[in-house]
Amino acid sequence: MMKRKVFVIVTAGGSGVRMGAALPKQFLSLDGRLILERTVYRFSEALPGAEIITVLPRDQVSWWRNYCKSHDVNVPQTIVEGGFTRYHSVKNALSHVPDGAIVAVHDGVRPFVTAPLIRSMAAIAEDSPAVIPVLPVTDTLKVLERTPEGLRETDETADRSRIFSVQTPQFFHSEALKAAYDAVPYEASLTDDSSVARRNGVPLTFTEGERYNIKITTPEDMDLGVLILRNFSS
């Protein structure tokens with residue numbers, strides 16, 4: 001039994017420019033079910049009783065409401081209009097989250113996060129104010145600079161053993177994340193919630209993420225997503 005109530009903010013504000021599709025990427029069908037639909041179901045099933053807050057651009061709210069109604073998407077959701085950036089969208093959603101709770105923030109186009117990871121992070125977050133999933137980078141890294149003639153190698157080196165990629169969901173004590181968003185003004189460098197929290201002095205706890213917890217942004221990701229869904233997702 002969780003001591004703190006859990007809220008899940010699902011950010012779904014993408015325009016789908018890199019996907020090259022008529023619909024935003026979160027509304028594309030992946031093996032018969034919309035990407036966003038798969039994501040909200042994953043959290044609803046992993047954390048029964050959690051309150052899900054879905055953040056959408058204003059002009060997509062009615063579309064999503066109508067889809068959920070016509071396709072029997074039986075996941076109770078609070079739908080919130082997003083802001084100019086992801087930072088502003090999360091800040092809007094946090095106004096619906098009370099202090100004293102756990103709040104998870106997740107990309108709506110990461111539909112393959114597994115229930116075991118969600119549950120284990122929620123459990124860690126009972127006693128840790130911020131829990132962030134990360135994966136070690138396995139590729140060889142080079143530091144290059146752009147020039148008018150193209151990419152040019154520099155003398156800088158990157159120590160691969162110290163470089164990790166950051167995923168979502170990211171879990172926080174709600175009062176800590178809300179205070180961070182209230183105190184830290186928007187900057188383009190604040191690309192995720194852990195960046196905002198850390199800027200306000202919130203200690204971060206890291207846990208191992210999942211290789212197949214990919215963010216779907218390109219047509220190639222859709223192809224990979226079908227393979228993950230049929231062979232590895234659980």
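## The loop after helix α2

D72 lies in the loop between α2 and β5. In this predicted model, D72 takes a positive phi of about 50° although it is not a glycine, and its position in the chain is just after α2. With a relative accessible area of 54%, D72 is exposed.

## Helix α2 and its two sides

Helix α2 spans residues 58–70, and its buried residues are Q60, V61, W64, Y67 and C68. When the helix is viewed down its axis, these buried residues fall within an arc of 140°, so they line one face of α2. The face turned away from that buried side carries the exposed residues D59, N66, K69 and S70.

What do the buried residues of α2 pack against? Their partners are the strands β3 (33–34), β4 (51–56) and β5 (77–81), together with helix α1 (35–46). Of these partners, β5 also bounds the loop that holds D72.

## Helix α5 and its surroundings

A comparable description can be given for α5, in which S174, A176, L177, A180 and Y181 are buried. Seen down the axis of α5, the buried residues occupy an arc of 165°, so they too line one face of their helix. Packing against these buried residues are the helices α3 and α6 and the strands β6 (102–107) and β11.

Beyond α5, the chain enters the loop between α5 and α6 (193–199), where E187 is found. E187 counts as partly exposed, at 35% relative accessibility. Computed along the sequence and through space, E187 can be placed relative to R38: the two are 149 residues apart in sequence, and their C-alpha atoms are 31 Å apart.

## The crossing of α3 and α5

Two packed helices are described by the angle between their axes and the distance between the axes. For helix α3 (residues 86–94) and helix α5 (residues 174–183), the axes come within 10 Å and cross at roughly 130°. The two helices are therefore oblique to each other, and the crossing of α3 and α5 is left-handed.

The contact is made by Y87, V90, K91 and L94 on the α3 side and by L177, K178, Y181 and D182 on the α5 side. By class, the residues of this contact divide into five nonpolar and three charged, with no polar residue. L177 and Y181, which take part in the contact with α3, are also among the buried residues of α5.

## The crossing of α1 and α4

How closely do the axes of α1 and α4 come, and at what angle do they cross? The axes of α1 and helix α4 (residues 115–125) come within 9 Å and cross at roughly 55°. That angle makes α1 and α4 oblique to each other, and α1 passes α4 in a right-handed crossing.

From α1, the residues R42, F43, E45 and A46 make the contact, and from α4 the residues A115, I118 and R119. This contact has four nonpolar and three charged residues, and no polar ones. Helix α1 is also one of the elements against which the buried residues of α2 pack.

## Backbone features in the loops

D31, in the loop between β2 (29–30) and β3, has a positive phi of about 55° although it is not a glycine. At 40% relative accessibility, D31 counts as partly exposed, whereas D72, with its positive phi of about 50°, is exposed.

Where is the cis peptide bond that involves P169? This bond joins T168 and P169, with omega at about 10°. P169 is found in the loop between β10 (164–166) and β11 (170–173), and β11 is one of the elements that the buried residues of α5 pack against.

## P136 in strand β7

P136 lies in strand β7, which covers residues 130–136, and is partly exposed, with a relative accessible area of 37%. Leaving aside residues up to four places away in sequence, P136 touches I163, F164 and R211. The C-alpha atoms of P136 and S165 are separated by 6.3 Å, although these residues stand 29 residues apart along the chain.

Technical notes: Residues are numbered from 1 along each chain as its sequence is written. This is a predicted model: local features need pLDDT of at least 70, side-chain atom pairs count only at pLDDT 80 or more; totals for chains, interfaces and linings use all residues. Side-chain values use heavy atoms; hydrogens and water are left out. Buried means under 20% relative accessible area, exposed over 50%, partly exposed in between (1.4 Å probe, protein chains only). Helices (H or I, at least four residues) and strands (E, at least two) are DSSP runs, numbered from the N terminus. The arc is that of the directions from the helix axis to the C-beta atoms. Contact means heavy atoms within 4.5 Å. Axes are lines fitted to C-alpha atoms, for helices over the stretch in contact, and angles run from 0 to 180 degrees between N-to-C directions. Angles under 35 degrees count as roughly parallel, over 145 as roughly antiparallel, 65 to 115 as roughly perpendicular and the rest as oblique. A crossing is left-handed if the near helix is turned anticlockwise from the far one by less than a right angle, and right-handed if clockwise. Ala, Val, Leu, Ile, Met, Phe, Trp, Tyr, Cys and Pro count as nonpolar, Asp, Glu, Lys and Arg as charged, and the others, Gly among them, as polar.
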